[in-house]
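Reader: I have a structure to look at and some terms I don't follow. Can we go through them one by one?

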Amino acid sequence: MLFKFVFTKTARYPGLEVEHNQFLRNLRTLAVNIKYRGLKRTLLGLLAALFAKTRFHILEEYRFFRQNMREIGLDIAGVVETDMLDIPEERKESAKRYEASSDYEFRYVVEKLHLDYEKYHFIDFGSGKGAVLASASRYPFKSVTGVELSQALHETATRNIAELYRRKRVTARALRSVHGDVTEHSLPPEPHVIYVFNAFGADILAEVIDHILRDLAAVREPIYFLYNNPMHHKLLEDNPAFEKPKKTFGGKWEVFVRPGRDD
Ligand SMILES: C[S@@+](CC[C@H](N)C(=O)[O-])C[C@H]1O[C@@H](n2cnc3c(N)ncnc32)[C@H](O)[C@@H]1O
């Protein structure tokens with residue numbers, strides 16, 4: 001029974017989350033929390049989670065869910081189901097619901113890339129309220145941009161960005177949220193790290209991959225594509241322009257690289 005629990009892969013929300021090993025993912029959540037949040041606060045977080053299951057809701061402020069984002073005054077909370085998003089009807093079929101990425105998971109994966117940040121632009125396709133923009137702006141990227149189709153979510157992201165600047169928490173050289181459709185957002189021909197958190201279906205992703213490869217064709221540096229909850233990973237795996245680095249990133253992450261060129 002225990003053996004089965006430890007080694008079985010599951011998708012928590014079939015059709016939304018890719019299959020992953022929940023036990024290993026929990027272990028990793030613990031490890032990244034200890035790394036970025038410290039042992040004491042992680043233990044308090046575990047206690048808070050236990051209390052949340054009882055009628056004594058104490059230590060609430062230590063709950064794991066994006067606690068560090070709340071502390072710096074950002075509103076990234078909640079889940080907005082697709083039919084509640086203020087986006088064009090014809091996009092609703094492909095768009096996925098809004099939900100924020102985990103800051104600690106993101107930082108763990110980005111730091112593993114050992115990037116020369118100053119050379120790279122970072123872009124989040126389907127950026128919601130800007131949780132990942134806040135995480136990426138901790139690093140000295142050349143710029144950090146989010147593209148979001150929902151006007152309401154984009155406006156929240158803009159307020160969050162203003163708060164980050166007010167608190168002097170932006171290390172990236174520029175940080176912005178853009179209201180628009182990812183298929184219409186063109187990229188300058190410079191090195192990029194692209195991030196997608198299960199934001200849309202295969203149809204939109206295929207268009208995005210095409211235009212990334214087209215816009216960045218002249219770039220000599222490696223181009224990184226970070227795909228969190230990669231429901232349509234086959235599209236990147238089957239694309240001869242991309243490779244998967246040998247090191248694994250774990251959790252429910254896939255990282256792809258369009259290799260650099262010497263010519
Ligand atoms: C799962 S949320 C991810 C939010 C954010 N990237 C994060 O990790 O915190 C996906 C977002 O993609 C947006 N989206 C879906 N289709 C889009 C499109 N065609 N163009 C721009 N944004 C889109 C949705 O409105 C939603 O906010």
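**Helices, domains and a pocket**

Author: Start with two helices. In this predicted model, α2 and helix α6 (residues 103-112) pack at an angle of about 85 degrees, and their axes lie 9 Å apart.

Reader: Why is α2 called roughly perpendicular to α6?

Author: Angles of 65 to 115 degrees count as roughly perpendicular. The angle here is about 85 degrees. Therefore α2 is roughly perpendicular to α6.

Reader: Which residues make the contact of α2 with α6?

Author: From α2 come Arg28, Val32, Asn33, Lys35, Tyr36 and Arg37. From α6 come Tyr104, Glu105, Arg107, Tyr108, Val109 and Glu111. By class, this contact has six charged, five nonpolar and one polar residue.

Reader: What makes Tyr one of the nonpolar residues?

Author: The class list puts Tyr with the nonpolar residues, so Tyr36, Tyr104 and Tyr108 count as nonpolar.

Reader: How is the protein divided?

Author: Into domain 1 (2-64) and domain 2 (82-258). Their C-alpha centres lie 25 Å apart. The contact between them takes 13 residues from domain 1 and 17 residues from domain 2.

Reader: What lines the second largest pocket?

Author: The lining has 14 residues, and Lys9, Glu19, His20, Gly251 and Lys252 lie nearest the pocket's centre. β2 (20-21), α2 (22-37) and β8 (253-258) each give two or more residues to the lining. About 280 Å³ of space lies in this pocket.

Reader: How do you know that both domains contribute to the lining of the second largest pocket?

Author: Domain 1 (2-64) and domain 2 (82-258) each give at least three residues to the lining. By class, the lining has five charged, five polar and four nonpolar residues.

Key: Residues are numbered from 1 along each chain as its sequence is written. This is a predicted model: local features need pLDDT of at least 70, side-chain atom pairs count only at pLDDT 80 or more; totals for chains, interfaces and linings use all residues. Side-chain values use heavy atoms; hydrogens and water are left out. On a 1 Å grid over the protein atoms alone, a cavity is a set of points where a 1.4 Å probe fits but cannot get out, and a pocket is an open set with protein on both sides within 12 Å along at least five of seven lines; lining residues have an atom within 4 Å of a point. Grid points are joined across faces, edges and corners, and a volume is the space filled by probe spheres set on the points. Helices (H or I, at least four residues) and strands (E, at least two) are DSSP runs, numbered from the N terminus. Domain bounds come from an automatic or database domain assignment. Axes are lines fitted to C-alpha atoms, for helices over the stretch in contact, and angles run from 0 to 180 degrees between N-to-C directions. Angles under 35 degrees count as roughly parallel, over 145 as roughly antiparallel, 65 to 115 as roughly perpendicular and the rest as oblique. Contact means heavy atoms within 4.5 Å.
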